[in-house]
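Ready to work through a few exercises on a protein structure? Each task is followed by a solution that goes step by step.

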Amino acid sequence: MSDPPADWRLEAKPYYRATGDECERFEAAWSQRLPVLLKGPTGCGKTRFVEHMAWRLGKPLVTVACNEDTTAGDLVGRWLLDAAGTRWQDGPLTLAARHGAICYLDEIVEARADTAVVIHPLTDTRRMLPLERHGELVKAHADFALVVSYNPGGSRGLKASTRQRFCGFEFGYPGCEEEAEILMHEAGIEVELASSLVALGCRSRRLAGHGLEEGASTRMLVRTAQLVRAGMTPAAACRMALVAPLTDDAPLRDALLAAVDASF
């Protein structure tokens with residue numbers, strides 16, 4: 001293939017509502033090929049931001065959703081056995097490093113500990129990826145960039161030895177007006193409904209740390225708005241897309257339902 005990461009090229013511009021100069025700061029980091037760390041709560045727009053910036057820079061985006069089973073081998077590649085014998089298959093990190101894509105490791109803290117060791121040589125002046133199983137040292141393409149993200153409010157953190165290799169961006173939920181604009185754009189709802197949903201989301205976020213691990217994310221509000229757009233009443237949509245996913249605790253559920261009833 002003349003363009004191996006072709007499947008990771010974005011065909012359309014992903015919508016992203018900037019809340020400051022984060023786009024310009026990301027471009028500055030990318031111009032120097034500095035690794036970037038995004039910190040922020042679940043569903044606040046980190047992934048959409050990376051997608052938007054990949055499109056803006058005209059670069060393919062290789063995304064890995066890390067989980068507790070993600071190993072270093074999953075990132076760099078492995079030997080496979082087929083009818084023709086054994087062959088090496090690059091992992092997503094190796095593919096991005098070889099061909100100049102942006103590699104985004106989403107929720108990197110969920111991956112196993114050996115993944116951090118693998119990315120270290122790519123985050124300093126060496127910009128290389130040792131493939132010990134393949135006996136190869138991959139020098140990163142000039143356009144390669146590494147982006148990782150995690151939720152600092154989660155149960156697991158990122159070691160200082162890894163965190164300090166990155167330029168950091170801190171994300172929070174958008175302001176009320178910006179968040180309402182996002183809901184209007186993503187779900188095609190009117191400003192009155194968008195404002196009411198945002199206000200409800202803000203109420204739930206005040207319960208974070210007081211029974212709730214986290215309040216309603218922007219992503220959850222968008223899904224609620226989409227259900228309303230599909231014909232559900234706002235109250236029913238809130239129960240389905242906000243209350244049910246947020247908690248299994250009966251008193252908290254009742255408090256959230258009361259807030260929904262008061263809002264709609």
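What is the handedness of the crossing in which H9 passes H10? Before solving that, keep in mind that this is a predicted model.

**Exercise 1. Describe how H9 and H10 pack, beginning with the handedness asked about above.**

Step 1: The crossing of H9 past H10 is right-handed.

Step 2: Next comes the geometry. The two axes are 8 Å apart, and the packing angle is about 150°. Angles over 145 degrees count as roughly antiparallel, so H9 is roughly antiparallel to H10.

Step 3: Now find who touches whom. H9 brings Met220, Leu221, Arg223, Thr224, Leu227 and Val228, while H10 brings Pro234, Ala237, Cys238, Met240, Ala241, Leu242, Pro245 and Leu246.

Step 4: Sort that contact by class, and you get twelve nonpolar residues, one polar and one charged.

**Exercise 2. Do the same for H8 and H9.**

Step 1: Start with the axes of H8 and H9, which come within 10 Å and cross at roughly 140°.

Step 2: That angle is not over 145 degrees, the cut-off for roughly antiparallel. H8 and H9 are therefore oblique to each other.

Step 3: The handedness here is right-handed.

Step 4: On the H8 side, the contact uses Leu193, Leu197, Val198, Gly201 and Arg205; on the H9 side, it uses Thr218, Leu221, Thr224, Ala225 and Val228. By class that makes six nonpolar, three polar and one charged.

**Exercise 3. Work out how H1 lies against H2.**

Step 1: Place the helices: H1 covers 22–31 and H2 covers 46–57.

Step 2: Their axes come within 11 Å, crossing at roughly 60°. This is why H1 counts as oblique to H2.

Step 3: H1 passes H2 in a right-handed crossing. Glu22, Cys23, Glu24, Phe26, Glu27 and Trp30 of H1 meet Phe49, His52, Met53, Arg56 and Leu57 of H2.

Step 4: The class count for this contact is six nonpolar, one polar and four charged.

**Exercise 4. Explore the largest pocket. Which residues are the closest to its centre?**

Step 1: Get the volume, which is about 690 Å³.

Step 2: Go to the lining. It has 29 residues, and Gly43, Cys44, Gly45, Lys46 and Arg48 are the closest to the centre.

Step 3: Ask which elements take part. H1, H2, S5, S9, H7 and H9 each give at least two lining residues.

Step 4: Split the lining by class: ten nonpolar, eight polar and eleven charged.

**Exercise 5. Move on to the second largest pocket. How many residues line it?**

Step 1: This pocket has a volume of about 470 Å³.

Step 2: Count the lining and you reach 19 residues, with Thr42, Asn151, Gly154, Glu213 and Glu214 lying nearest the centre.

Step 3: H9 and H10, the pair from the opening exercise, each supply at least two of the lining residues.

Step 4: Five residues of this lining are nonpolar, eight polar and six charged.

**Exercise 6. Look for enclosed space. Which helix gives the largest share of the lining of the largest cavity?**

Step 1: Using a threshold of 30 Å³ or more, the count is one cavity. About 50 Å³ of space lies in the largest cavity.

Step 2: Leu200, Ser204, Ala216, Leu242, Val243, Leu246, Leu256 and Val260 line it.

Step 3: H8, H10 and H11 each supply at least two of those residues. H10 has the largest share, with three.

Step 4: As for class, the lining has seven nonpolar residues, one polar and no charged ones.

**Exercise 7. Visit three loop residues.**

Step 1: Take Arg33, in the loop between H1 and S1. Its phi is near 55°, a positive value in a residue other than glycine.

Step 2: Take Glu107, in the loop between S5 and H5. Glu107 also isn't a glycine, and its phi is positive, about 55°.

Step 3: Take Asp143, in the loop between S7 and S8. Leaving out residues up to four places away in sequence, Asp143 touches Trp30, Arg33, Lys59, Gly100 and Ala101.

Step 4: Finally, pair Asp143 with Glu214. They are 71 residues apart along the chain, and 36 Å separates their C-alpha atoms.

How values were computed: Residues are numbered from 1 along each chain as its sequence is written. This is a predicted model: local features need pLDDT of at least 70, side-chain atom pairs count only at pLDDT 80 or more; totals for chains, interfaces and linings use all residues. Side-chain values use heavy atoms; hydrogens and water are left out. On a 1 Å grid over the protein atoms alone, a cavity is a set of points where a 1.4 Å probe fits but cannot get out, and a pocket is an open set with protein on both sides within 12 Å along at least five of seven lines; lining residues have an atom within 4 Å of a point. Grid points are joined across faces, edges and corners, and a volume is the space filled by probe spheres set on the points. Helices (H or I, at least four residues) and strands (E, at least two) are DSSP runs, numbered from the N terminus. Ala, Val, Leu, Ile, Met, Phe, Trp, Tyr, Cys and Pro count as nonpolar, Asp, Glu, Lys and Arg as charged, and the others, Gly among them, as polar. Axes are lines fitted to C-alpha atoms, for helices over the stretch in contact, and angles run from 0 to 180 degrees between N-to-C directions. Angles under 35 degrees count as roughly parallel, over 145 as roughly antiparallel, 65 to 115 as roughly perpendicular and the rest as oblique. A crossing is left-handed if the near helix is turned anticlockwise from the far one by less than a right angle, and right-handed if clockwise. Contact means heavy atoms within 4.5 Å.
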